[in-house]
Amino acid sequence: HLVMNGTQAVVVYDVVPDPAAETVAVAVAPGGGWRIAGVLGSDLSAEDLAGVVLRSGVVGATARLAATSGPGCSPVWRPAPKTRKTGRSGRGR
């Protein structure tokens, strides 16, 4: 789903985790024509979350993250895993 909010574009995808997994990770590859400002997780479907973003904007949709009462949440930033670079032949260097 693509939500246009003025000059801001919000792309909303369903991410379906492995039910046996304890965590969910989302990786964003650098490059391309998009400038990523952030990644937001939700237990809503992409369609429902797109509706919230459309009605309330990103600030309204994420206001609970900064709530001063109630459970809210505490994001944890982790460095991206290191990947092995390969040469043109596809073999590791």
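**The hairpin.** I began at the turn of the hairpin formed by β1 and β2, where 2 residues lie between the strands and Gly6 takes a positive phi near 65 degrees. I kept in mind from here on that this is a predicted model. Looking up the pairing itself, I found that β1 and β2, the latter spanning residues 8-11, run antiparallel to each other over 4 bridges. I then asked which residue of β2 is the bridge partner of Asn5, and I noted Gln8 in that place.

**Confidence.** Before going further I checked the pLDDT, which has a mean of 76 over the protein chain, with 74% of the residues at 70 or more. Among the elements of the chain, β1 has the lowest mean, 85, and α1 the highest, 88.

**Overall layout.** I counted 1 helix and 2 strands in the protein chain, and along the sequence they come in the order β-β-α. Of the 93 residues in the chain, 11% are buried. For the accessible surface I wrote down about 8600 Å², with 54% of that area belonging to carbon and sulfur atoms. I also looked at contacts with a separation of 6 or more, and 41% of these join residues 24 or more positions apart.

**Val10.** My next stop was Val10, which has its place in strand β2. Is Val10 buried or exposed? I entered Val10 as buried, because its relative accessible area is 15%, and the cut-off for that class is under 20%. Setting aside the neighbours within four places in sequence, I listed His1, Leu2, Val3, Val53 and Val58 as the residues in contact with Val10. Of the residues in that list, Leu2 belongs to β1, while Val53 and Val58 fall within the range of α1, residues 46-62. I also took a C-alpha to C-alpha distance from Val10 to Gly57, and it came to 9.5 Å for two residues that are 47 apart in sequence.

**Arg55 and Asn5.** I looked for another distance across the chain and chose Arg55, which sits in helix α1. Arg55 and Asn5 are 50 residues apart in sequence, yet their C-alpha atoms are 9.6 Å apart in space. I noted Arg55 as exposed, because its relative accessible area is 65% and the class begins over 50%.

**The nonpolar patch.** I then turned to the surface and asked which residues make the nonpolar patch of about 1200 Å². I recorded Leu2, Met4, Val11, Tyr13, Val15, Val24, Val26, Val28, Trp34, Ile36 and Val39 as its members. Leu2, in strand β1, counts as exposed because its relative accessibility is 54%; this residue therefore appears in my notes both as a contact of the buried Val10 and as a member of the patch.

**Val28.** I followed the patch to Val28, which lies in the loop between β2 and α1. With a relative accessible area of 44%, Val28 is partly exposed, because that class covers values between the 20% and 50% limits. Leaving out the neighbours within four places in sequence, I found Val28 in contact with Ile36 and Val39, and both of these are also named in the patch. The C-alpha atoms of Val28 and Val39 are 8.9 Å apart, at a sequence separation of 11 residues.

How values were computed:
Residues are numbered from 1 along each chain as its sequence is written. This is a predicted model: local features need pLDDT of at least 70, side-chain atom pairs count only at pLDDT 80 or more; totals for chains, interfaces and linings use all residues. Side-chain values use heavy atoms; hydrogens and water are left out. Buried means under 20% relative accessible area, exposed over 50%, partly exposed in between (1.4 Å probe, protein chains only). Contact means heavy atoms within 4.5 Å. Accessible areas come from the Shrake-Rupley method with a 1.4 Å probe; for residues, only the protein chains shown count as cover. Patches are made of residues with over 30% relative accessible area and no salt bridge: like charges are joined within 9 Å, nonpolar side chains (Val, Leu, Ile, Met, Phe, Trp, Tyr) within 5 Å. A salt bridge is a side-chain nitrogen of Lys or Arg within 4 Å of a carboxyl oxygen of Asp or Glu. Two strands pair if DSSP finds at least two bridges between them. pLDDT is the predictor's confidence in each residue, from 0 to 100.
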